[in-house]
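Take a look at the sequence and the model below. The cavity comes first, then the ligand site.

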Amino acid sequence: MDKIVLLGSTGSIGKQTLDVCRAHNIVIKALSANSDVETLEAQAREFLPEYAVIADETLVKDLKTRLADTEIKVHGGEKGLCEIAALPGCRVVNAIVGMAGLVPTLSAIRAGNDVALANKETLVTGGKLVMDAVERSGVKLLPVDSEHSAIFQCLQGAAGNKFSKIILTASGGPFYGKNLGELAGVTKEQALAHPNWAMGEKITIDSATLMNKGLELIEAVWLFGAEPSQIQIVVQRESVIHSAVEFEDGAIIAQLGSADMRLPIQYALTYPERLDCPAKKLSFEDLSALTFGTPDEKTFVCLAAAKRAIEKGGNAPCIINCANETAVRLFLDGRIRFLDIGDAVEESLSEVKFIANPTLYELLDTQKSAEKFVLTKFGLSK
Ligand code: NAD
Ligand code: MG
């Protein structure tokens, strides 16, 4: 098995990836985090990688001091992330949150490394650049997101038959069935209380606004070469059916399992092999019901905005993604209200400059413009 370079090892996906590596003695070549030096140090001491990278460059010295008694090489910044992503002959797990994952993903692909991708913002913001790079270098882009892993697994037995439809399931989040009036005063604590999944804070808020499903729709368009109109979003309250595909003849193949990310993470690490997994196995006897519904796009405007953005193309998905990243940060900091997130995302689409065929440089510029738009909208400076 390839050695693993793990970007974002201190986060929710990062820690669960290490759980899988522990269970199967998978060798870690490099670990990285944004600013959590303490956790990164502990992980480095356990897994003894060749490299440990801290993205926040002001913390490089601290990490070097902490690991001075080891052989581990310490680097910093985006440059450090790109260096480890390009180490020859490795499988790169990208568990970074946000558009910060895009450049390291491109670095891995260009170096010829297979990528297990949890960082959906990579494909939302730079889908075309990424898929073009994948085609040029011939690497595998293996989905980690549970829905996309499910779709990928459903397609394994397709024998070249193309799906007619992708059924992308959504839990509906903590506010399913609520109206705008009920959502006006919701708190950060309420928004962070996801019914089925324990995840990082940003994606948990995205699940509450349904932005997450919008980002996942865009992710599926790029990963599976689907038209947006071929993707049907269905609420599956229990998060047992992780997604499904429908073929020409009407047959639907679905993937089911417990709500535990270690299964999709492991499949992306060991693909095409299946090994025993530390995740709890799903038992049909324990299921009392499977409940389905339709997402309410009038209330959860982020989902509608994401659909408009992928139809529009160009840098539009990058615009709404980056407006959302800024708005979620402001909401988590207690500076704007829950419904402000949707307003910011919707308005960004017409307020930030559209570019039909953006370069990487133009996407990074779009990120700055979208952030500036949101801050200005709320009269904030950073
Ligand atoms: P998290 O916030 O728990 O962890 C994020 C990790 O990225 C941390 O290790 C952090 O140090 C690192 N990081 C943050 N900003 C960075 C930067 N600017 N540069 C370098 N590193 C940085 O997030 P998470 O919940 O683990 O999610 C990670 C990604 O996986 C997201 O894109 C999310 O949408 C996706 N995802 C997560 C889950 C889940 O269950 N948590 C499920 C599906 C998809
Ligand atoms: Mg998902």
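How many nonpolar, polar and charged residues does the lining of the largest cavity have? By class, that lining has 2 nonpolar, 5 polar and 1 charged residues. Here Ala, Val, Leu, Ile, Met, Phe, Trp, Tyr, Cys and Pro count as nonpolar, Asp, Glu, Lys and Arg as charged, and the others, Gly among them, as polar.

This is a predicted model, where local features need pLDDT of at least 70, side-chain atom pairs count only at pLDDT 80 or more, and totals for chains, interfaces and linings use all residues. Residues are numbered from 1 along each chain as its sequence is written, and side-chain values use heavy atoms, without hydrogens and water.

The lining of the largest cavity includes S146, H242 and Q255 (lining residues have an atom within 4 Å of a point of the cavity, a set of points on a 1 Å grid over the protein atoms alone where a 1.4 Å probe fits but cannot get out).

Now turn to ligand 1. It is surrounded by 23 residues (one heavy atom within 4 Å). T10, S12, I13, N34 and E121 are the closest. The shell divides into 12 nonpolar, 8 polar and 3 charged residues.

Three polar contacts (N or O atoms within 3.5 Å) can be traced to ligand oxygen atoms. A polar side-chain atom of E121 lies 2.7 Å from one oxygen atom. Polar backbone atoms of S12 and G200 are each 2.9 Å from a ligand oxygen atom. The protein covers 86% of the 830 Å² of accessible area that ligand 1 has on its own (Shrake-Rupley method, 1.4 Å probe).

How values were computed. Chains lettered and ligands numbered in written order. Polar contact = N/O pair within 3.5 Å; in protein donor to acceptor, adjacent residues only side chain to side chain. 1 Å grid on protein atoms, 1.4 Å probe; cavity = no way out; pocket = protein on both sides within 12 Å on 5 of 7 lines; lining within 4 Å.
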